Amino acid sequence: MLTTLKTAYTDTRAADLAWALGREPLPALACLDVELTDAKLQLRLLGASHQVLLEEERGSCSETVACIPGSSTPLPLGVAKRVGDWEYEFAARVEVLTPGSFAGRAQELLALVADHPHGLAGVFPGSPHAFTALLAQRHEGQVLWRTWHAYPQDGQLVATRTRVGVRVPAPRLGASVG
């Protein structure tokens, strides 16, 4: 789903993004509810930021990547945590692109997400290349999502990947395997 967001472009620098796990739902400009085999996700656009809310039988998880006032947790390159019965993995990278490469990459990503049944993209007024996009899927019992936050004025594209899956218990020491 592709939408034009009716708001000012507020999160204007990739360096201002912060990451948080477990936050309450924040006011959203656009949402997409997705069902993926026993998992319900809500993909949420928050300005040039995102929030994903995941609910499964085993519990819930909330990921936020946004300019969070007072946050002391900058956007990490990677995180691996246990969340209840789940393993949570997050990775982020910042791509720096030339203006021509940026425009092409923006068009490619928006086309990918706009036509996907589990995708949500929001374009900001004033620039067709200022956008935030999310794409979710389920693979081998795990829920995965990718996001892109575009900052055309700096030629920066922040890409994130998240994987949430059931924790597999480690074998007990001394237990026979057979």
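## The β10–β11 hairpin

In this predicted model, strands β10 and β11 pair in the antiparallel sense over 8 bridges, and the two strands form a hairpin with 2 residues between them. Within that turn, glutamate 140 has a positive phi of about 50 degrees. Across the pairing, alanine 133 stands opposite tryptophan 148 in β11.

Strand β10 (residues 131–139) also pairs with strand β9 (residues 119–123), again in the antiparallel sense, here over 5 bridges. Alanine 133 has a counterpart in this pairing too, since alanine 121 stands opposite alanine 133 in β10.

## The open sheet and its helix

These strands belong to an open sheet of 7 strands, which follow one another in the order β1-β9-β10-β11-β12-β8-β7 with mixed pairing. The edges are taken by β1 (2–4) and β7 (78–83), each of which has a single partner strand, so one side of each is left without a neighbour in the sheet. On average, and with direction ignored, neighbouring strands of this sheet are turned by 15 degrees against each other.

Helix α1, which spans residues 99–114, lies across β1, β8 (86–96), β9, β10, β11 (142–151) and β12 (156–166), and runs at about 45 degrees to β10.

## Nonpolar cores and strand β8

The largest nonpolar core holds 32 residues, of which Leu41, Leu43, Leu54, Tyr88, Phe90, Val143 and Trp145 touch the most other members. A second, separate core consists of 14 residues, including Phe102, Val113, Trp148 and Ala159. Tryptophan 148, a member of this second core, is the residue of β11 that stands opposite alanine 133 in the hairpin.

When residues up to four places away in sequence are not counted, phenylalanine 90 touches Trp19, Glu63 and Val65, the run of Leu75, Pro76, Leu77, Gly78 and Val79, and also Thr160, Arg161 and Thr162. Alanine 92, which lies in strand β8, counts as buried because its relative accessibility is 11%, below the 20% cut-off. With the sequence neighbours up to four places away again left out, alanine 92 touches Leu75, Pro76, Leu77, Ala159 and Thr160. Alanine 92 and leucine 75 are 17 residues apart in sequence, and their C-alpha atoms are 7.4 Å apart in space.

## Threonine 64 in strand β6

Threonine 64 is part of strand β6, which covers residues 59–66, and it counts as buried because its relative accessibility is 0%. Its side chain is joined to that of glutamine 51 by a polar contact of 2.9 Å.

Leaving aside residues up to four places away in sequence, the contacts of threonine 64 comprise Ala18, Trp19, Ala20, Arg23, Leu26, Leu46, His50 and Gln51. Trp19 thus appears among the contacts of threonine 64 and also among those of phenylalanine 90.

## The chain as a whole

The protein chain has 1 helix and 12 strands, and from the N terminus on its elements run β-β-β-β-β-β-β-β-α-β-β-β-β. Of its 178 residues, 44% count as buried, while the chain exposes about 9,400 Å², with carbon and sulfur atoms supplying 52% of that area. Among contacts between residues at least 6 apart in sequence, 58% join residues at least 24 apart.

Note on methods
Residues are numbered from 1 along each chain as its sequence is written. This is a predicted model: local features need pLDDT of at least 70, side-chain atom pairs count only at pLDDT 80 or more; totals for chains, interfaces and linings use all residues. Side-chain values use heavy atoms; hydrogens and water are left out. Helices (H or I, at least four residues) and strands (E, at least two) are DSSP runs, numbered from the N terminus. Buried means under 20% relative accessible area, exposed over 50%, partly exposed in between (1.4 Å probe, protein chains only). A polar contact is a pair of N or O atoms within 3.5 Å; within protein, one must be able to donate a hydrogen and the other to accept it, and residues adjacent in sequence count only if both atoms are side-chain atoms. Contact means heavy atoms within 4.5 Å. Two strands pair if DSSP finds at least two bridges between them. Axes are lines fitted to C-alpha atoms, for helices over the stretch in contact, and angles run from 0 to 180 degrees between N-to-C directions. A nonpolar core is a set of buried Ala, Val, Leu, Ile, Met, Phe, Trp, Tyr and Cys residues joined through side-chain atoms within 4.5 Å. Accessible areas come from the Shrake-Rupley method with a 1.4 Å probe; for residues, only the protein chains shown count as cover.
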